[in-house]
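Ready for a few exercises? Take a look at the structure first, then work through each task before you read its solution.

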Amino acid sequence: QLLHDQVGVVAFGPYKPLFMQTLSRARTAHQGLPSLPPLQGHPHRNWKDAGARGGLPAVGVRLAELIARLQACYQLTTAGKFEEALERFRSVLLSVPLLVVDNKQEIAEAQQLVGICREYMVGLSMEVERKRLPKDTLEQQKRTCEMAAYFTHCSLQPVHMMLVLRTALNLFFKLKNFKTAATFARRLIELGPKPDVGQQVR
């Protein structure tokens, strides 16, 4: 109910593995007497001042862990492994609502994480679909160029935006749409690419 009211979750199927993982992380089992089942324990994250009734369950998902996973997603994107990166971004995005944050700075960082994942998921979804499209006719090639152009409007890291702009630039140049290609070239130069890339674009 909280996930629905606070972040608008309506399909909980993708959350089931995360719920089970959270449950597993929030309890322990240790051996008691021989031939008896293990004893279950439920650690508290506020064990120092929990008292008899104020205990809160331990949480295995940390903001620092999600940021580290985000860096791994960036590396996959740089390497061109878009489908794998898309799944990793989706996993990070689903994990954000399960975070426990302690201050406003962490809230802001979590919200920023949501925005980053959203932009990359939209862009990578279009790029994966673009690569699957046929390119036999002129109309199909135009559609491919359109999707490449849409990708350039996502908010990405500069290193990834340069890759996206180069792809769109090359596609539009091949179709002899020089005006739009020049727009991508100007945006690419503004990002400060390597000298050889900048010279090639000019």
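Below are five tasks, each with a worked solution.

Before you start, note that this is a predicted model, in which local features need pLDDT of at least 70 and side-chain atom pairs count only at pLDDT 80 or more, while totals for chains, interfaces and linings use all residues. Residues are numbered from 1 along each chain as its sequence is written, and side-chain values use heavy atoms, with hydrogens and water left out.

**Exercise 1. The domains**

Find the domains of the protein chain and work out how they meet.

Solution. Start with the assignment: it gives domain 1 (1-24 + 60-132) and domain 2 (136-201). Domain bounds like these come from an automatic or database domain assignment. Next, take the C-alpha centres of domain 1 and domain 2, which lie 27 Å apart. Finally, look for contacts (heavy atoms within 4.5 Å): twelve residues of domain 1 touch 13 residues of domain 2.

**Exercise 2. The largest nonpolar core**

Work out which elements build the largest nonpolar core.

Solution. First, the terms. A nonpolar core is a set of buried Ala, Val, Leu, Ile, Met, Phe, Trp, Tyr and Cys residues joined through side-chain atoms within 4.5 Å. Buried means under 20% relative accessible area, exposed means over 50%, and partly exposed is in between (1.4 Å probe, protein chains only). Helices (H or I, at least four residues) and strands (E, at least two) are DSSP runs, numbered from the N terminus.

Now the core itself: it has 43 residues, and those touching the most other members are Leu66, Phe89, Leu99, Leu113, Leu124, Leu156 and Phe184. Two or more residues come from each of helix 3 (63-78), helix 4 (82-95), helix 5 (104-132), helix 6, helix 7 (158-174) and helix 8 (178-190). Helix 5 gives the largest share, nine residues. Both domain 1 and domain 2 supply at least three residues to this core.

Then zoom in on Leu99: leaving out residues up to four places away in sequence, Leu99 touches Val61, Arg62, Leu63, Leu66 and Ala110. There's also a second, separate core of six residues, with Val9, Tyr15, Leu94 and Leu98 among them.

**Exercise 3. Two threonines**

Is Thr144 buried or exposed, and where does it lie? Do the same for Thr152.

Solution. Thr144 sits in helix 6 (residues 138-151). Thr144 counts as buried because its relative accessibility is 2%. Beyond its neighbours within four places in sequence, Thr144 is in contact with Arg130, Leu133, Pro134, Lys135 and Leu171.

Thr152 is in the loop between helix 6 and helix 7. Its relative accessible area is 1%, so Thr152 is buried. With neighbours within four places in sequence set aside, the contacts of Thr152 are Met161, Val164, Leu165, Ala168, Phe184 and Arg187.

**Exercise 4. Positive phi**

Look up phi for Ser35 and Lys176, then place each residue.

Solution. Ser35 has phi near 70°, a positive value in a residue other than glycine. Ser35 belongs to the loop between strand 1 (28-30) and strand 2 (39-41), and it counts as exposed because its relative accessibility is 78%.

For Lys176, phi is near 65°, again positive in a residue other than glycine. Lys176 is in the loop between helix 7 and helix 8. At 64% relative accessibility, Lys176 counts as exposed.

**Exercise 5. One last distance**

How far apart are Thr144 and Lys131 in sequence and in space?

Solution. Count along the chain: 13 residues separate their positions in sequence. Then go from C-alpha to C-alpha: Thr144 and Lys131 are 8.0 Å apart.
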